[in-house]
Amino acid sequence: MNEQSTREIWKAVLGELQLQLPRPTFETWLKQTDGVSYDEHQFIVEAPTPFAVAWLERRMYNAIQKTVEKVTERPLEVLFRVKQGQEAQDVSVSLTGQATGLESDESGQDRDEALVKPPAQPASAFNPKYTFDTFVVGPSNQLAYSAAKAVADSPGKSYNPLFIYSGVGLGKTHLLHAIGHTASSHGLTVRYVTSEQFTNDFITSIGNRTTEAFRQRYRSVEVLLLDDVQFMSGKEQTHESFFHTFNDLHNSGHQVVITSDRPPKALAMLQDRLRSRFEWGLLADMQPPDLETRMAILLSKARNLGVRVGESVIELIAKRVHKNVRELEGCLNRMIAQADLMSTPITVQSAARILEEMTADNDRHAIDPERILEAVASHFRVSTEALLARGRTQKIAQARQVAMYLLINELEMTPTQVGRFLGGRDHATVIHGAGKINGEINEDTILRRDVLSIKESIFA
Ligand code: ADP
Ligand code: MG
């Protein structure tokens with residue numbers, strides 16, 4: 001699906017990792033890995049032994065994921081598995097049912113339907129690390145968490161559909177898997193698919209002339225978890241098919257949970273009627289966690305790994321890394337790996353040094369006021385000149401205020417400095433402008449998403 005072959009990508013990733021990692025780590029754990037395939041959602045890597053897979057997952061996930069993301073320029077998850085023969089299969093893609101040992105709970109149904117009823121996705125299809133118990137709740141994700149729990153406990157009864165959206169690495173996939181664990185433990189037929197897998201499955205069914213079977217398969221699922229719906233954008237036939245699937249499920253009181261990196265309104269390519277369906281239920285967004293929640297997440301991750309990390313180290317990491325939980329975990333894992341390798345405890349000093357190294361990496365694109373100005377301009381599709389000039393159409397005025405807000409909050413510039421930078425404006429104008437955004441950001445979801453996505457582009 002891409003001009004770059006999987007092998008080439010993986011070679012590039014290994015090249016980068018070789019530079020980042022101590023040689024023994026690289027030689028022991030990475031040298032014998034292969035990149036085997038990828039789609040828009042995940043990149044699959046094979047390692048020689050289950051032990052190596054576990055180690056890579058536990059210790060290297062973030063470094064590898066980040067590098068894959070960098071090389072492919074896509075937000076891919078990484079899936080590790082043991083090298084094996086041709087039978088190796090991604091369980092979450094295989095929809096045609098092999099026996100799972102779970103009996104059908106609709107014993108009265110006719111034979112044909114029984115044949116197409118999908119097996120409940122076995123609990124093993126869900127990432128064991130992604131449960132409600134391991135999800136740390138704070139003000140930034142409370143609503144999404146509670147809604148996900150309600151849905152898992154009584155599917156189809158509370159919020160249907162549940163639509164969760166947030167920036168990358170803030171726990172959407174985690175919550176979907178948590179719902180999957182809980183609902184399937186209640187004996188329900190649950191299916192987790194990325195919108196990419198859904199699309200592929202649908203296209204395959206057209207090719208095989210099995211669209212009816214495809215429909216039956218999906219419509220009998222009791223809980224459908226659709227991850228990253230933004231990737232479904234623009235594929236008309238797939239929309240059509242999803243629209244029908246959605247209606248079928250919804251009409252029969254089955255639960256649908258959807259995630260996306262933006263709210264339905266901002267899914268530009270989505271058909272209107274599908275978008276309005278998504279808005280029927282509950283929309284819950286998640287923001288980057290505050291400092292306290294970040295510390296709680298780190299403590300919990302360290303505990304789960306069975307590693308003792310001092311509170312001052314936790315605080316140090318939490319203060320430095322704030323936009324994305326995946327990265328937060330990445331830092332922690334890197335420290336643990338280093339400490340492991342050197343057989344030394346993690347101290348504030350060693351942690352600071354590692355953070356230094358990691359940020360040195362980011363310094364290549366250090367943030368300066370120009371970068372913020374460009375990011376704002378490109379997001380609002382206006383020119384940087386327009387932001388510096390006097391003109392004030394509403395769009396430009398708002399973009400300029402967002403720039404003021406970001407320059408003050410992200411770069412800690414004073415209003416006077418910001419005013420000077422933005423074409424010689426008065427500091428009172430800057431205080432007013434930044435204050436306006438500051439006040440509106442909590443109420444105005446679209447503005448919040450705007451700011452968030454600009455921040456993401458700045459820090460990416
Ligand atoms: P998304 O799907 O939104 O990009 P993920 O669900 O993949 O994000 O989360 C990225 C990583 O961060 C995962 O390892 C996940 O377990 C972790 N994570 C995110 N939010 C939380 C949270 N509130 N508590 C614990 N772990 C979290
Ligand atoms: Mg995800």
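Student: Which residues in α13 do Arg 294, Ile 297, Leu 298, Lys 301 and Ala 302 in α11 meet?

Tutor: This is a predicted model, in which local features need pLDDT of at least 70, side-chain atom pairs count only at pLDDT 80 or more, and totals for chains, interfaces and linings use all residues, while side-chain values use heavy atoms and leave out hydrogens and water. Residues are numbered from 1 along each chain as its sequence is written, and chains are lettered from A and ligands numbered from 1 in the order in which they are written. Helices (H or I, at least four residues) and strands (E, at least two) are DSSP runs, numbered from the N terminus, and contact means heavy atoms within 4.5 Å. The α11 residues named meet, in α13, Val 325, Leu 328, Glu 329 and Leu 332.

Student: What is α11 to α13, given their angle?

Tutor: Two packed helices are described by the angle between their axes and the distance between the axes. Helix α11 (residues 291-304) packs against helix α13 (residues 325-342) at about 50°, with the axes 10 Å apart; the axes are lines fitted to C-alpha atoms over the stretch in contact, and angles run from 0 to 180 degrees between N-to-C directions. Because angles under 35 degrees count as roughly parallel, over 145 as roughly antiparallel, 65 to 115 as roughly perpendicular and the rest as oblique, α11 is to α13 oblique.

Student: Which element gives the most to the largest nonpolar core?

Tutor: A nonpolar core is a set of buried Ala, Val, Leu, Ile, Met, Phe, Trp, Tyr and Cys residues joined through side-chain atoms within 4.5 Å, where buried means under 20% relative accessible area, exposed over 50% and partly exposed in between (1.4 Å probe, protein chains only). The largest has 28 residues, and Val 376, Leu 387, Val 402, Leu 406 and Ile 454 have the most contacts inside it. Two or more residues come from each of α15, α16, α17, α19 and α20. With eight residues, the element that gives the most is α17.

Student: How many residues has the second, separate core?

Tutor: This core includes Ile 297, Ala 302, Cys 331 and Ile 354. Ile 297 and Ala 302 are also among the α11 residues that meet α13. The number of residues in this second core is 26.

Student: Does Arg 81 count as buried or exposed?

Tutor: Arg 81 has its place in strand β3 (residues 77-82). Its relative accessibility is 18%, and therefore Arg 81 counts as buried.
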